[in-house]
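Please look through the model shown below with its aromatic rings in mind. The paragraphs after it lead from one ring to the next.

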Amino acid sequence: MTYNVLFLCTGNSARSIIAEAILNKVGAGRFRAFSAGSHPRGEVNPHALDMLKRLGFEVTQFRSKPWDEFAEPGAPSLDFVITVCDSAAGEVCPIWPGQPMTAHWGMPDPAAVEGTPSEIALAFADTYRMLNNRLTTFANLKMSGLDRLSLQKNVADIANDP
């Protein structure tokens with residue numbers, strides 16, 4: 001079975017895009033990842049794209065898009081919806097068809113970091129490291145055999161991993 005996962009963030013320009021890239025790589029064949037935002041910026045953060053390119057990811061498919069696209073008829077049926085920024089966690093989300101499991105994995109916004117190019121690069125590298133750790137754990141969760149409540153708890157608890 002392939003699980004569809006939507007990562008949400010307000011701007012859909014950095015954290016959610018990075019999460020989408022990582023899960024599509026580490027969960028290949030088992031997960032299909034998507035990302036969207038409540039108020040998308042309309043473009044992916046260039047620092048996120050540069051970092052992902054340097055790490056060997058194909059980046060041409062990434063775009064900043066509204067979460068409404070995933071609540072429309074014909075959208076992929078979602079199994080999980082995970083917010084990766086603090087502001088999106090408090091927003092009223094659309095009603096997702098199929099009642100996917102939800103979790104909040106808030107983390108600092110690397111796009112908000114100001115400073116030298118090295119400081120900005122470090123912020124994006126930290127975000128990548130945190131998301132990669134969480135998504136590797138998520139991709140290795142035993143999905144079958146767990147009741148919905150246990151699985152929901154396991155997914156939510158991943159946010160406590162550094």
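Which residue lies over the face of Phe-57? Lys-25 does, at 4.7 Å from the ring centre; a charge is said to sit over a ring if NZ of Lys or CZ of Arg is within 6 Å of the ring centre and within 35 degrees of the ring normal. This is a predicted model, in which local features need pLDDT of at least 70 and side-chain atom pairs count only at pLDDT 80 or more, while totals for chains, interfaces and linings use all residues. Residues are numbered from 1 along each chain as its sequence is written, and side-chain values use heavy atoms, with hydrogens and water left out.

Rings can also meet each other, and the structure holds 7 aromatic pairs (rings of Phe, Tyr and Trp, the last by its six-membered ring, with centres within 6.5 Å; planes under 30 degrees apart are stacked, over 60 edge-to-face, the rest tilted). One of them is the tilted pair of Tyr-3 and Phe-31, with 5.7 Å from centre to centre and 35 degrees between the planes. This pair links distant parts of the chain, since Tyr-3 belongs to strand S1 (residues 3-9) and Phe-31 to strand S2 (residues 31-37), 28 residues apart (strands are DSSP runs of E with at least two residues, helices runs of H or I with at least four, numbered from the N terminus). Tyr-3 is buried, at a relative accessible area of 14%, and Phe-31 is buried at 3% (buried means under 20%, exposed over 50%, partly exposed in between, with a 1.4 Å probe and protein chains only).

Trp-105 and Phe-138 have ring centres 5.9 Å apart and planes at 80 degrees, so their pair is edge-to-face. Tyr-3, Phe-31, Phe-80, Trp-105 and Phe-138 form one aromatic cluster.
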